[in-house]
Structure formats: C-alpha cells, structure tokens
Amino acid sequence: MASWVKSLIRISTFEVETLQKRLAEVATRRTHVEMKISTLDAELALEIARAAQEPTFNFDLSAYKKGWALRREQCVSELELIAHEEAGIRDSLNGAFEELKKFEHVAEATRLSKMATELKRESAAMDEAALRLRFVG
C-alpha cells in the first residue's frame, strides 16, 4: 500500500475521532441543559405547592413565574442551538466516515491488485518452469 494512502487513512481516522469527541461533548452539554430545564420545572412545581400551602406566597408567585418563564425560555433556546450544532456535527461525521471508507477501499483495491499481479507473475514463472521441464525431460 502506498504511503500516501496510509497517510490519508490516518488523517481521515483522526478527523473521525475528533468529530466523535466533539459529538460526545455536545451530547454532554445537551444533557446538562435538559437537566437544567427539568430542575426549573421541578422548582416551579415546588413553588406552586408552597404557595398553595401559604397564602402569603401567592403574591410572589406571579413574579416567580415570570422569572421562571424567562430562564426556561433561555434554556430552551440554548437547547435548540445545541441540537443544530449536534446535527451539523453528525452530518460532518457521516461525511468523514464516507471519506475514510473511500480511502480504505482504495487501499484494499491496491492491495488486491498487487496480490493478483504477484499471483500472475508466480503462475507465469511456474508455467515457464513446467515448459522447460517438459522439453528437457
């Protein structure tokens, strides 16, 4: 196999691994934001339950709901951005896998071609040796 093919395979493998790491980091960020949204929702439910038990908290509940809505909206926007980033990385990763497979295919085709050429050469040498033995003997 030519050294340039090996180099291309190494570079493509590195690119695939880098994209896989980025995808894992984005998935971790997405999980954190999803957990933050769940926490905000749980905190709102807790505040509503607290306000139901204590009538004095009802006054503050509407202000809390407004703040909660703004924080949740910000988290949802961040989650949408992360989803777009994740989709882009997945597309890039698919392309990188395709490129890697192309280079691996070229390497395998080159190896098989060399093997076929070597077998033909061997076969021709054996045929020549058999012909010589036939005419000598």
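**A walk along two helices, starting at R22**

Select R22 to begin: with 38% relative accessibility, this residue counts as partly exposed (buried is under 20% relative accessible area, exposed over 50%, partly exposed in between, using a 1.4 Å probe and protein chains only). A word on what you have open: this is a predicted model, where local features need pLDDT of at least 70 and side-chain atom pairs count only at pLDDT 80 or more, while totals for chains, interfaces and linings use all residues. Residues are numbered from 1 along each chain as its sequence is written, and side-chain values use heavy atoms, with hydrogens and water left out.

R22 sits in helix α1 (helices are DSSP runs of H or I, at least four residues, numbered from the N terminus). Now show E85 and I89: R22 touches both, leaving aside residues up to four places away in sequence (contact means heavy atoms within 4.5 Å).

Next, color α1 (residues 3-53) and α2 (residues 58-136); they pack at about 165°, axes 8 Å apart (axes are lines fitted to C-alpha atoms over the stretch in contact, and angles run from 0 to 180 degrees between N-to-C directions). That makes α1 roughly antiparallel to α2 (angles over 145 degrees count as such).

Then select α2 alone. Its 79 residues reach 113 Å from first C-alpha to last, close to the 117 Å expected at 1.5 Å a residue (the expected span is 1.5 Å times one less than the number of residues). Finally, pick out its buried residues, among them W68, C75 and I89. What covers the buried residues of α2 includes α1.

Key: Helix = DSSP H or I, 4+ residues; strand = E, 2+ residues; numbered from the N terminus. Parallel < 35°, antiparallel > 145°, perpendicular 65-115°, else oblique.
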